[in-house]
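Below are my comments on the model you sent, set out as numbered points. Please read them with the coordinates open.

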Amino acid sequence: MRISLIDVDNKYRDLKKNAKTIPNLALMKISAHHKAKGDIVGLNLIDPDVTYISCIFTWNQDKALKEASKVHPSKVVVCGGSGIDINCRLPENIECLKPDYDLYPSEYSQGFTSRGCGRKCDFCIVPEKEGRIHTAQHPKEFHDDRFDTCMIMDNNLFMAPQEWQDSVFNWFIENKIKMLSPQGWDIRLLNEKRAKALREIAHAGMVHFAWDNIKDESAVLKGINLLAETGFDLRREISVYVLSGYNPDFGKDTFEQDVYRCNKLRSLGVQAYVMRYQPRTKTRTVIRGRRLNALARWAASPEIYWKTPFEKYDRKERSGD
């Protein structure tokens, strides 16, 4: 059979040019399943017998449904992913497979060593989708020896059993595999042991943490200080995601809090990255605005971020100079 895989969230043709584009793990596992059966598999394959459409983000749902409507009525189409149904799951016999890294122009292995999260942040779907924290696959199960880098996609590995964390970290260290971790580590759970483990691991890029709520300031500052004491070069090795445009109370000081957190990180010598809030549903209020866009552009340009305070950058933007 001919199996077509459609990834509506990624511009996969630009993967070689855009390292921030992450290959779709579910589609790679589906590809591995069908290739093992002898099927012909490809992205956007012409004249397929079966088409799988993956939609991770709700804002791409219409795009996914449009792709589904293009499939001939006599053919089979499977449309899934969190953007379609939060309860959508791969069958267990496919979920446990090693991904097909030849589907995309992959340059690293990837997978989840743990799933779920013990926190219940209003802006996050993980607890509802995956439940409480539980172990998943060990990286040795999904790593491909062709690569020197392995991405762990966990939402909150620090919440997993300590012996599981130790096993994952030690595997990276002992095998000298670079860790790629695009998710923001929970800095509130950082301790000396975990900081030392992260320091001993070789990282492919910056190590990212998250500061979602201004109320966590003391824990965030404590964590940053611990990273510095452990030997991290804060400016060159550490980045902190700043959830912006979101406030559970939607108070008038939302933007001011976003600016404050970015400025605080800058004063500590840490690169901030503005992570703009995206609602799960269209009924959720979203804070937008030119100044929030300006804050995101400022933080995303290190040469500006380090040389020019946001207030000065913002005044210049508003003046039109």
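1. The lining of the largest cavity comprises 3 nonpolar, 5 polar and 2 charged residues, where Ala, Val, Leu, Ile, Met, Phe, Trp, Tyr, Cys and Pro count as nonpolar, Asp, Glu, Lys and Arg as charged, and the others, Gly among them, as polar. Among the lining residues are Ile152, Asp154, Trp185 and Asp186. A cavity is here a set of points, on a 1 Å grid over the protein atoms alone, where a 1.4 Å probe fits but cannot get out, and lining residues have an atom within 4 Å of a point. The structure holds 1 cavity of 30 Å³ or more, and the volume of the largest is about 80 Å³, taken as the space filled by probe spheres set on the points, which are joined across faces, edges and corners.

2. This is a predicted model, in which local features need pLDDT of at least 70 and side-chain atom pairs count only at pLDDT 80 or more, while totals for chains, interfaces and linings use all residues. Residues are numbered from 1 along each chain as its sequence is written, and side-chain values use heavy atoms, with hydrogens and water left out.

3. The average pLDDT (the predictor's confidence in each residue, from 0 to 100) is 90, and 91% of the residues score at least 70. Over residues 13–19, however, the pLDDT is below 50, and this stretch has 6 contacts (heavy atoms within 4.5 Å) in the model beyond near neighbours in sequence.

4. One open sheet has 4 strands in the order β2-β1-β3-β4, with parallel pairing; strands are DSSP runs of E of at least two residues, helices runs of H or I of at least four, both numbered from the N terminus, and two strands pair if DSSP finds at least two bridges between them. Its edge strands, β2 (40–43) and β4 (76–80), each pair on one side only. Helix α1 (residues 25–36) packs on this sheet, touching β1, β2 and β3 (50–54), and its direction makes about 175° with that of β1. Axes are lines fitted to C-alpha atoms, for helices over the stretch in contact, and angles run from 0 to 180 degrees between N-to-C directions.

5. A further open sheet, of 3 strands, has the order β5-β8-β9, again with parallel pairing. Because β5 (109–111) and β9 (178–180) stand at the edges with a single partner strand each, one side of each is left without a neighbour in the sheet. Strand β8 (residues 149–152) is joined to β9 by 3 bridges, and Cys150 has Met179 as its bridge partner in β9.

Definitions and conventions:
On a 1 Å grid over the protein atoms alone, a cavity is a set of points where a 1.4 Å probe fits but cannot get out, and a pocket is an open set with protein on both sides within 12 Å along at least five of seven lines; lining residues have an atom within 4 Å of a point.
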